[in-house]
Amino acid sequence: MDVLGLVDVPVWLMLLIILVLTLYVYTTWNHGLFTSLGIPGPKPLPFFGNAREFEKKGFLYALTEWRKQFGQVYGIFYVSKPMVVISDLDILKEILVKDFNNFADRFFIAKLRPPIADKGLFFTGGSTWKRLRRLMTPTFTSGKLKNMSHLIDRCANILKDNIQELTRRQEVIDIKDVFGAFTMDVVAGTAFGLETNSQTQPAEPFVQSCQYMFRKMTGNSGRLLTIVAMFPFLTPLIRTLGKGISTGEEADFLVHSVYRMVDERRQVIGDEKRTDLLQLLVNAEDTGLEVGQKRMTREEVAAQGVIILIAGYETTATTLQYLTYNLAKNQDVQQRVYEEMRDELGDEDPTYDNVGRLKYLDNVIHETLRLFPPVALIHRQALHSRTIKGVTIPAGVGVYIPIYSIMHDPDYFDDPEKFWPERFSEAESSKLPSILSELAFGYGPRQCIGMRLALLEIKFAAVRILRHFRFLPCEEDTPDKIEFVTAGLTSPKKPIKLRTELRV
């Protein structure tokens with residue numbers, strides 16, 4: 001024993017004890033925040049906060065259970081990061097619209113994405129976001145979408161031929177694979193002017209790189225987020241090793257491909273023959289216009305291309321997957337959709353204008369987005385402290401908006417688990433707050449900029465395939481209830497498979 005009467009302790013053990021105590025203090029120092037503000041919520045654990053529940057149950061299920069237990073406003077911690085989860089529509093309108101400038105930026109647990117993504121519209125904030133949004137908005141006007149319609153319809157025709165061959169062979173169809181190939185072709189065509197033909201040539205390197213990225217995104221990234229939330233200094237190492245979200249050799253290949261295309265387009269700035277999104281973005285690049293009108297840099301143009309690719313592929317394929325799943329499970333609705341197409345369009349090819357006449361199809365799509373919103377939650381961060389309806393959100397705290405939970409909330413929808421497209425008919429939708437009709441794409445100034453393009457793509461695909469085929473469930477591979485992955489997406493744990501038959 002030394003003079004203090006203590007047994008000598010190895011240095012490594014002392015360091016371990018100090019590390020554990022430091023980590024304990026770092027991850028728990030603010031765990032009393034919501035209690036002091038009078039906001040209920042699940043008790044956070046030392047070191048993890050409430051992250052273990054996300055890992056164990058998944059984001060969707062954990063948030064839905066907490067909504068039932070704690071109400072429409074509650075607080076949670078991802079390790080030491082505080083977040084207020086809000087389902088109250090009045091508070092959300094304040095956050096997303098009325099006080100948008102205070103909640104304009106997104107809230108991220110960790111930055112595991114490739115550095116170029118930080119320049120993309122989805123991830124930027126402040127004045128940079130406002131500038132990029134202003135520059136990109138003209139890219140998605142009605143005129144621009146009309147010019148892209150022929151690209152979408154070309155891919156929809158290939159989709160029809162692909163399903164026809166599968167139907168002829170009487171194969172059970174993995175519908176996410178089929179629609180994923182279709183949306184990949186559409187986004188490659190409308191965004192980059194490429195004819196990838198992933199529906200017939202899935203081994204194309206550009207296609208494989210994209211698909212690899214999306215598999216990583218829909219995988220279980222909860223544990224990785226927890227580690228980085230505990231040890232933020234590990235973020236650069238994880239990204240360098242390619243273990244982050246959308247990082248690695250395939251992501252590098254994709255980013256380099258986009259840069260190459262940007263550089264090729266920069267040689268012909270102002271090309272009016274090309275109507276794809278990349279050319280429109282390049283035309284908005286910094287070309288020495290008026291002083292003070294800062295345009296896009298080369299890196300920003302490439303970043304928008306990567307973000308459009310990510311957003312355009314996965315979310316639209318997911319929606320088409322659940323649209324046909326719902327129709328297979330509800331044959332009366334499927335028949336009514338077909339009859340509307342027959343009566344309204346006859347043998348007309350789908351166009352930007354005529355698909356707008358398909359009102360019932362529009363209801364079916366919105367009901368599908370309600371039941372299965374592709375992005376199950378969105379987030380914002382408070383710039384300054386705000387008190388809304390008695391709820392105080394301190395500066396720097398995150399706001400989680402649980403879209404899936406809201407869309408399944410019996411306070412807002414009668415019999416919320418039922419597939420009932422008439423909810424969004426003109427007569428019924430007038431009874432709903434407008435935010436509920438649009439929330440699947442976000443709401444307010446930061447709503448998804450590609451919403452109209454995505455809906456157009458879904459309608460073109462629906463017209464081309466539902467005119468010719470009837471989707472039917474498979475006894476073993478078409479579940480009555482979908483189980484989701486643990487990431488914050490409504491991706492099913494097991495592939496959904498359907499049968500098809502030709503209409504006579």
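**Exercise 1. Which residue in S9 is the bridge partner of Phe469?**

Solution. The model is predicted.
- Start with the strand pair. S8 and strand S9 (residues 497-502) are joined by five bridges in the antiparallel sense.
- Now pick the bridge. Phe469 has Leu502 in S9 as its bridge partner.
- Place the pair in its sheet. Three strands form an open sheet in the order S3-S9-S8, and the pairing is antiparallel.
- Find the edges. Strand S3 (173-174) and S8 each have a single partner strand, so one side of each lacks a neighbour in the sheet.
- Add the helix. Helix H7 (residues 142-168) packs on this sheet and touches S3, S8 and S9. The direction of H7 makes about 55 degrees with that of S8.

**Exercise 2. Give the strand order of the open sheet of four strands, and say which strands stand at its edges.**

Solution.
- Read the order. It is S1-S2-S7-S4, with mixed pairing.
- Look at the ends of the order. Strand S1 (73-78) and strand S4 (378-381) each have a single partner strand, so each has one side without a neighbour in the sheet.
- Take the twist. From one strand to the next, it averages 30 degrees.
- Check the parallel part. Strand S2 (residues 81-86) and strand S7 (residues 398-401) run parallel and share three bridges.
- Check the antiparallel part. S4 and S7 run antiparallel, with four bridges between them.
- Add the covering helix. Helix H4 (residues 59-70) lies across S1, S2 and S7. H4 runs at about 140 degrees to S1.

**Exercise 3. Trace the bridge partners of Gly398 and Val399 in S7, then sort the residues of S7 by the way they point.**

Solution.
- Begin on the S2 side. Met83 has Gly398 as its bridge partner in S7.
- Val84 is matched in S7 by Val399.
- Go to the S4 side. Gln381 has Gly398 as its bridge partner.
- Put the two sides together. Gly398 is the bridge partner of Met83 and of Gln381.
- Sort the residues. Gly398 and Tyr400 point one way, while Val399 and Ile401 point the other way.
- Assign burial. All of these are buried.

**Exercise 4. Test the length of helix H15 (residues 331-345), then find how its buried residues are arranged.**

Solution.
- Compute the expected span. H15 has 15 residues, and at 1.5 Å a residue they should span 21 Å.
- Compare with the model. The end C-alpha atoms are 21 Å apart, which agrees.
- Collect the buried set. It holds Val333, Gln334, Val337, Tyr338, Glu340, Met341 and Leu345.
- Look down the axis. The buried residues of H15 fall within an arc of 155 degrees, so they line one face of the helix.
- Recall the periodicity. An α-helix has 3.6 residues a turn, so residues three or four places apart point the same way.
- Turn to the other side. Asp332 and Asp343 are exposed there.
- Name the cover. The buried residues of H15 are covered by elements including helix H14 (298-329), helix H16 (359-371), helix H20 (451-466) and strand S8 (469-473).
- Step past the end. Gly346 comes just after H15 and takes a positive phi of about 60 degrees.

**Exercise 5. Classify the ring pairs Phe70 with Tyr74 and Phe122 with Phe123.**

Solution.
- Set the scope. The whole structure holds 14 aromatic pairs.
- Fix the descriptors. A pair of aromatic rings is described by the distance of the centres and the angle of the planes.
- Take Phe70 and Tyr74. Their ring centres are 6.2 Å apart and the planes meet at 40 degrees, so the pair is tilted.
- Add burial. Phe70 is partly exposed at 21% relative accessibility. Tyr74 is buried at 1%.
- Take Phe122 and Phe123. Their centres lie 5.0 Å apart with planes at 80 degrees, so the pair is edge-to-face.
- Add burial again. Phe122 is partly exposed at 35%. Phe123 is partly exposed at 21%.
- Extend to the cluster. Phe70 and Tyr74 belong to one aromatic cluster with Phe54, Phe59, Trp66 and Tyr78.

**Exercise 6. Describe the surroundings of Glu428.**

Solution.
- Locate the residue. Glu428 lies in helix H18 (residues 426-429).
- Classify its exposure. The relative accessible area of Glu428 is 26%. Buried means under 20% and exposed over 50%, so Glu428 is partly exposed.
- List the contacts. Beyond its neighbours within four places in sequence, Glu428 is in contact with Trp420, Glu422 and Arg423.

Key: Residues are numbered from 1 along each chain as its sequence is written. This is a predicted model: local features need pLDDT of at least 70, side-chain atom pairs count only at pLDDT 80 or more; totals for chains, interfaces and linings use all residues. Side-chain values use heavy atoms; hydrogens and water are left out. Two strands pair if DSSP finds at least two bridges between them. Helices (H or I, at least four residues) and strands (E, at least two) are DSSP runs, numbered from the N terminus. Axes are lines fitted to C-alpha atoms, for helices over the stretch in contact, and angles run from 0 to 180 degrees between N-to-C directions. Contact means heavy atoms within 4.5 Å. The expected span of a helix is 1.5 Å times one less than its number of residues. Buried means under 20% relative accessible area, exposed over 50%, partly exposed in between (1.4 Å probe, protein chains only). The arc is that of the directions from the helix axis to the C-beta atoms. Rings of Phe, Tyr and Trp (its six-membered ring) pair if their centres lie within 6.5 Å; planes under 30 degrees apart count as stacked, over 60 as edge-to-face and the rest as tilted.
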